[in-house]
Amino acid sequence: MKKEDVPQDLSSLGKITTEICYATDESGKYTTQQSRGWDVKIDALDVTWENVEKRMKEATEKMEKGEVSPLLYFMEKNVMDLAILSAYTGFWKWRIRRHLKPGVFGKLSDKALRKYAEVFNSTVEELKTMNIHA
Amino acid sequence: MHSAFKHIQAAHCESGVTNSLLRNAGIQQMTEPLAFGIGSGLFFVYVPFLKINGGPAIAFRSFPGIIFKQTCQSLGIPVTRKKFSSREAAQAFLDQCLAEDRAVGCQVGVYYLPYFPKEYRFHFNAHNLIVYEKEKDHYFVSDPIMETVASMSEYELERVRFAKGALAPRGQIYYPSIPRGKTIDDATMKQAIRNGIKKNVFNMLHIPGPIAGVKGIGFTGRRIKKWRDGLGLTKAGLYLAQLVRMQEEIGTGGGGFRYIYAAFLQEAYAFHPIDELQLMSAEFTRAGDRWRDSAVQAAGIYKGRLGSQADFDVMGDYLLEIAAMEKKAFTVLSKIKWH
């Protein structure tokens, strides 16, 4: 890739920092060129997060039907599966699976809720009410 | 006390950390492409039975830790690397290093990395950064892919050092033990470059099985042609988006690390004036360009502009073509008569 062909499409990272790309100058010699982003990459990130949002929406719908607890929504929001959530919280996977049931979740201790809230960068209040700020 | 550490921005986190730690310790000839090439950083692997964030597990570079380890070893520099089970011990060791004015590399997860934009925070645990100074309860962090340094609280740094999931860093910390004033002579550099290329040839051409090296690229190309019918258009699009992210996202230098490798071969030519190095540098530039063309094709699919089986065939054929190009290039490199 030639230096002048390095894309400069502003990405969310580009607002914070440019990235270094290796590219060639007029004589074919390698040099570095700062880039602010590339549409192809921005789209790849966008479709990935759109998919996460779709899964969050599905989790909300299931919750409203009383099929799952709010936990599923927060797992989707944080792109966590059972294995990762279990590793962060220290809860066994089967315990988390139980916490996904609305009835069990409703009786969770404050201590357990605080643990989840920390991992989700959230608050106990938000976990209980699903009123999410930010 | 203020550290004299100088932040150096890089394309890839691990070659960047390696370059930066060595340069700051006085190894003046070091550059990021040299660290990448001596560390045999170029790779390809697609592990079909493994899933990462619900998508395919594809890597364009060698296993985390290899670049630093191999670069230092090839240059005759001893390496210290530690993992911890206790968070307190991990912090105590880090604080001790910083008190001795020693900058250290840390493997971290990016999910809770505070200075990364939210869009980039996945559960990816093989990121590398340098911690070079502590002031009260704040650490100063030189992340090679960022333009400037950042500051993190004790809690924030502990959280990313003890990220969980695949490749959990477990507080991993590493640094080169270089005596003050040590220099590396050209003979050592030449030998290290040669060694790096030979190992990279092995990794790309001779690893048994169909999923790694140039065979892995062809394997992935053939798989992609089946993704449309096998996975459905939406999921196939998400898979391709993941492929492109691994290939082009921050920390790759573009073109799935192929441009950094091409830059390395040019720099290698300055040490070994062998024409094949220049010629193959141009070949890896072409391979990088082809990877980029394939990313544009993939974007057409995941954005919904394209979607027929013919479009997937074009995508797969790009990878088959790249596999042939890189096979040829590494074969030429493998036959070099070193002086």
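**Exercises on a predicted two-chain model**

Chain B has a mean pLDDT (the predictor's confidence in each residue, from 0 to 100) of 95, and 100% of its residues reach 70 or more. This is a predicted model: local features need pLDDT of at least 70, side-chain atom pairs count only at pLDDT 80 or more, and totals for chains, interfaces and linings use all residues. Residues are numbered from 1 along each chain as its sequence is written, while chains are lettered from A and ligands numbered from 1 in the order in which they are written.

**Exercise 1.** Describe how helix 8 of chain B packs with helix 10 of chain B.

*Solution.*
- Step 1: Locate them. Helix 8 covers residues 233-248 of chain B and helix 10 covers residues 275-302 of chain B.
- Step 2: Take the geometry. The angle is about 150 degrees, and the axes are 9 Å apart. Axes are lines fitted to C-alpha atoms, for helices over the stretch in contact, and angles run from 0 to 180 degrees between N-to-C directions.
- Step 3: Classify. Helix 8 and helix 10 of chain B are therefore roughly antiparallel (over 145 degrees).
- Step 4: Sort the contact residues by class. The contact of helix 8 with helix 10 of chain B has 10 nonpolar (Ala, Val, Leu, Ile, Met, Phe, Trp, Tyr, Cys and Pro), 2 polar (the others, Gly among them) and 1 charged (Asp, Glu, Lys and Arg) residues.

**Exercise 2.** List the elements of chain A in order.

*Solution.*
- Step 1: Count. Chain A has 7 helices (H or I, at least four residues) and 2 strands (E, at least two), both being DSSP runs numbered from the N terminus.
- Step 2: Order them. From the N terminus, chain A runs β-β-α-α-α-α-α-α-α.

**Exercise 3.** Give the spans of the C-alpha trace of chain A.

*Solution.* Along its principal axes, the trace of chain A spans about 70 × 30 × 25 Å.

Note on methods
Angles under 35 degrees count as roughly parallel, over 145 as roughly antiparallel, 65 to 115 as roughly perpendicular and the rest as oblique.
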